[in-house]
Amino acid sequence: MIGMNKERGFERTPEQYEELWNPKIEVNGAIGIQCLLGPNAAWNFKDAKTGRMKYTQRYEGTINIDMNLEKFPFDKTAVHICLGCEFYGGDKVILKIDDDWDRLTPVKSKLRDWTLVPKQVVFEEKTSIATSTKSYSNVDYIIPISRKYMFYIYKVIVINLIMLIWSWVVFWMDHDAIGDRMSISITMFLASVAFVFVISDKLPKVEFLTVLDKMLLFVFVSLFLSAVESFVVYVSLDNGNSTTASKNIELAARIGFPAVTVLFFVFHAVRSILATVEST
């Protein structure tokens with residue numbers, strides 16, 4: 001045991017101290033939680049006069065958290081680590097927060113896809129009611145995290161935007177070149193669909209549309225409408241209508257498609273990014 005002085009007669013082993021009394025602190029709601037420090041490293045004898053002892057422990061396991069994925073991949077959430085006693089109620093053990101907790105070792109993480117927000121980490125003392133006659137003392141360790149979204153911007157959103165922008169070249173092609181125009185639109189549409197299949201394992205399987213889902217759906221619809229525009233222009237000329245009407249349609253497409261695209265992505269992407277930055 002750390003700090004044990006046998007000359008003063010303290011010859012109990014850490015295992016014997018655990019048999020005398022152990023608060024049995026656990027992480028509530030954790031899956032497969034394991035203590036990494038054995039009794040010899042966990043117990044620390046601090047003061048021979050008062051018998052004060054310190055118990056230190058490291059845990060490893062899985063914690064379930066509720067996530068709101070509507071703003072994926074610009075979402076953020078908080079990890080709640082709730083500490084409590086396994087057996088003793090609030091009348092036997094009261095968990096208190098160290099007054100110097102904010103000067104302890106900074107929070108570090110090996111999470112590959114998330115960024116911790118250490119400035120917003122907080123401790124909360126609370127009492128949970130188990131039954132009408134028994135309650136437990138708990139401490140919540142709340143760690144805000146935000147997703148690292150640059151991967152999705154560079155490798156998903158930007159690539160789909162490039163394909164979408166390239167599809168706009170049909171608006172400057174000859175009206176009669178319906179085959180070439182449709183070929184470009186269909187090729188970009190199929191390329192975008194194939195790209196989504198490739199990255200499908202990176203997307204959450206949810207029943208609602210996330211921000212990224214809306215962006216990808218917008219690209220699909222825009223590619224489809226660009227093909228429809230080429231068909232409408234060709235049919236209009238084939239039916240003997242004036243070229244002025246076809247030119248007006250082309251001009252509206254040249255201005256409307258880029259304008260709507262910019263407004264859509266500014267509304268969704270920029271707003272989500274700014275909300276994430278402000279939270280940090």
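**Close-up views of charged side chains**

**View 1. Arg-181, Glu-229 and Glu-250 join up in a network of salt bridges.** Welcome to a predicted model, and to a good place to begin looking around it. Within this network, the side chains of Arg-181 and Glu-250 meet in a salt bridge, with 2.7 Å from N to O. This pair connects distant parts of the chain, since Arg-181 belongs to helix 4 (residues 178-198) and Glu-250 to helix 6, 69 residues apart. Both Arg-181 and Glu-250 are buried.

**View 2. Here we stay with Glu-250 and look at its surroundings in helix 6 (residues 243-279).** With a relative accessibility of 1%, Glu-250 counts as buried. Leaving aside residues up to four places away in sequence, Glu-250 touches Val-170, Phe-171, Met-173, His-175, Arg-181, Glu-229 and Val-233. Two of these names, Arg-181 and Glu-229, will be familiar from the salt-bridge network that also includes Glu-250.

**View 3. Asp-75 and Arg-147 pair through their side chains in a salt bridge of 2.7 Å, N to O.** Asp-75 sits in the loop between strand 5 (59-63) and strand 6, while Arg-147 is part of strand 9 (residues 135-147), so this pair ties together parts that are 72 residues apart in sequence. Asp-75 and Arg-147 are both buried.

**View 4. Arg-112 and Asp-113 form a salt bridge whose closest N and O atoms are 3.8 Å apart.** How exposed are these two partners? Arg-112 counts as exposed because its relative accessibility is 68%, above the 50% cut-off. Asp-113 has a relative accessible area of 40% and is therefore partly exposed.

**View 5. Lys-71, Lys-76, Lys-214 and Arg-271 make up a positive surface patch.** One member to pick out is Lys-76, which lies in strand 6 (residues 76-85). Its relative accessibility of 41% means that Lys-76 counts as partly exposed.

**View 6. Stepping back, the protein chain holds six helices and nine strands.** Of its 280 residues, 33% count as buried. Among contacts in the chain with a separation of 6 or more, 72% come from residues 24 or more positions apart. The chain exposes about 17,800 Å², and carbon and sulfur atoms supply 58% of that area. The salt bridges come to four in total, among them the pair of Asp-75 and Arg-147 and the pair of Arg-112 and Asp-113.

Definitions and conventions:
Residues are numbered from 1 along each chain as its sequence is written. This is a predicted model: local features need pLDDT of at least 70, side-chain atom pairs count only at pLDDT 80 or more; totals for chains, interfaces and linings use all residues. Side-chain values use heavy atoms; hydrogens and water are left out. Helices (H or I, at least four residues) and strands (E, at least two) are DSSP runs, numbered from the N terminus. Buried means under 20% relative accessible area, exposed over 50%, partly exposed in between (1.4 Å probe, protein chains only). Contact means heavy atoms within 4.5 Å. Patches are made of residues with over 30% relative accessible area and no salt bridge: like charges are joined within 9 Å, nonpolar side chains (Val, Leu, Ile, Met, Phe, Trp, Tyr) within 5 Å. Accessible areas come from the Shrake-Rupley method with a 1.4 Å probe; for residues, only the protein chains shown count as cover. Lys and Arg count as positive and Asp and Glu as negative; His and the chain ends are not counted. The place of a charge is taken as NZ of Lys, CZ of Arg, CG of Asp or CD of Glu.
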